[in-house]
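Let's take a walk through this structure together, one region at a time. Have the sequence and the 3D view side by side as you read.

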Amino acid sequence: MTNSGKTTLTCRLQPLLPCCSVISQDSFFKPESEVAVDENGFKQYDVLDALDMEAMMRRVYSWLKNPKRSQTSVQEYATAIPSDDQDGAHVHILIVEGFLLYNYKPLEEVFNRRYFLTVPYEECKRRRSTRIYEPPDPSGYFDGHVWPMYLKNRSEMQEVAQNIVYLDGTKSEEGILSQVYDDIKRELEKLKVIPESPTSHHRLLQLRKQ
Ligand SMILES: Nc1ncnc2c1ncn2[C@@H]1O[C@H](COP(=O)(O)OP(=O)(O)OP(=O)(O)O)[C@@H](O)[C@H]1O
Ligand SMILES: NC(=O)c1ccc[n+]([C@@H]2O[C@H](CO)[C@@H](O)[C@H]2O)c1
């Protein structure tokens, strides 16, 4: 959802997570000349066709293939890989940040965790009115294009995407950050491989012998 706080959250979250890269969907908008225009003269920016999603997927696949090598190419503010990562033991994290992710099939099988920030209509419109995009929103754009497309995309998304964690974008930045950070920490805990202690190994051998 536009202006729900995705970039703000991502910028605060990313430095807290080691080996974390970011891909922003907004970097993949097609040039203005390639974006369709409707009968009211509104440029159709809030649809998948306005984005070069194939180019975005190439970045995602390149990270999946080699998260270490693509660290710097994905986004310059990717956090450093700890010096003790010789054996590649660390979990690498990729945050894909964008307003139209869960309607796009090829991304479906890629995510481990999905978050969706929401704000009510009035707050969304207010925040959007303070922003200047390139090209800037013409008069009537929010009600004539942005909001109707959000409603359409969201209803289509709910038919497809599963396991989405909805976040209240009107909460404080800190509140949202700690909610997501805690959730990610729990996910990382689940991935941790706990090595067997010598005693448990010994016991296992004894059991086998009996
Ligand atoms: N938790 C919050 N409470 C109040 N205002 C917020 C919060 N998070 C972000 N904002 C403000 O809302 C506006 C939009 O934030 P941000 O750019 O992070 O949203 P976005 O979802 O990335 O937007 P878009 O992708 O549509 O450009 C900014 O002015 C930002 O300062
Ligand atoms: N980044 C751009 O090229 C661009 C141009 C015009 C409008 N937008 C808006 O960005 C939002 C997503 O972050 C969408 O709601 C677009 O309308 C982006």
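Around ligand 2 you will find Thr2, Asp26, Phe29, Tyr45, Asp46, Phe99, Tyr133, Glu134 and Val146. Sorted by class, this shell holds 5 nonpolar, 1 polar and 3 charged residues. Keep in mind as you look that this is a predicted model.

Thr2 also leads us to the other ligand. Ligand 1 is surrounded by 15 residues, and the closest are Thr2, Gly5, Lys6, Thr7 and Thr8. Two elements give two or more residues to this shell, namely helix H1 (6-13) and helix H6 (173-191). H1 provides the largest share, with 3 residues. The classes here come to 2 nonpolar, 9 polar and 4 charged residues.

While you are at helix H1, have a look at Cys11, which is found in that helix. Is Cys11 buried, exposed or partly exposed? Cys11 has 13 other C-beta atoms within 10 Å, and because a residue counts as buried at 20 or more and as exposed at 12 or fewer, Cys11 is partly exposed. Its C-alpha atom is separated by 9.1 Å from that of Val22, which is 11 residues away along the chain.

Now step back and take in the whole protein. Its secondary structure comes to 7 helices and 4 strands. Following the sequence, you meet them in the pattern α-β-α-α-β-β-α-α-β-α-α. The protein has 210 residues, of which 23% count as buried. If you take the contacts between residues at least 6 apart in sequence, 80% of them join residues at least 24 apart.

Which residues have the most contacts inside the largest nonpolar core? They are Leu9, Ile23, Leu94, Ile95, Val96 and Leu101, in a core of 22 residues. The elements that give this core two or more residues are H1, strand E1 (20-24), helix H2 (53-65), strand E2 (93-97) and H6. The largest share, 4 residues, comes from E2. Val96 makes a good place to zoom in: leaving aside residues up to four places away in sequence, Val96 touches Ile23, Val60 and Leu101.

Moving on from E2, we come to the loop between E2 and strand E3 (114-118), where Leu107 lies. Leu107 is buried, because 20 other C-beta atoms lie within 10 Å and 20 or more is what burial requires. Met56 is 51 residues from Leu107 in sequence, yet their C-alpha atoms are 10.0 Å apart in space.

Val146, which we met around ligand 2, takes us to helix H5. This helix covers residues 141-160 and has 20 residues. From its first C-alpha to its last, H5 reaches 27 Å, close to the 28 Å expected at 1.5 Å a residue. Buried in H5 are Tyr141, Phe142, His145, Val146 and Tyr150. What do the buried residues of H5 pack against? Their partner is helix H4 (121-129).

Finally, a word on confidence. The average pLDDT of the protein is 86, and 81% of the residues score at least 70. Residues 198-210 have a pLDDT below 50, and this stretch has 1 contact in the model beyond near neighbours in sequence. Predicted coordinates should not be read in detail where pLDDT is low. For the model as a whole, the scores are ipTM 0.98 and pTM 0.87.

Definitions and conventions: Residues are numbered from 1 along each chain as its sequence is written. Chains are lettered from A and ligands numbered from 1 in the order in which they are written. This is a predicted model: local features need pLDDT of at least 70, side-chain atom pairs count only at pLDDT 80 or more; totals for chains, interfaces and linings use all residues. A residue is near a molecule or strand if its C-beta atom, placed from the backbone, lies within 6 Å of it. Ala, Val, Leu, Ile, Met, Phe, Trp, Tyr, Cys and Pro count as nonpolar, Asp, Glu, Lys and Arg as charged, and the others, Gly among them, as polar. pLDDT is the predictor's confidence in each residue, from 0 to 100. Two residues are in contact if their C-beta atoms, placed from the backbone, lie within 7 Å. The expected span of a helix is 1.5 Å times one less than its number of residues. A nonpolar core is a set of buried Ala, Val, Leu, Ile, Met, Phe, Trp, Tyr and Cys residues joined through C-beta atoms within 7 Å.
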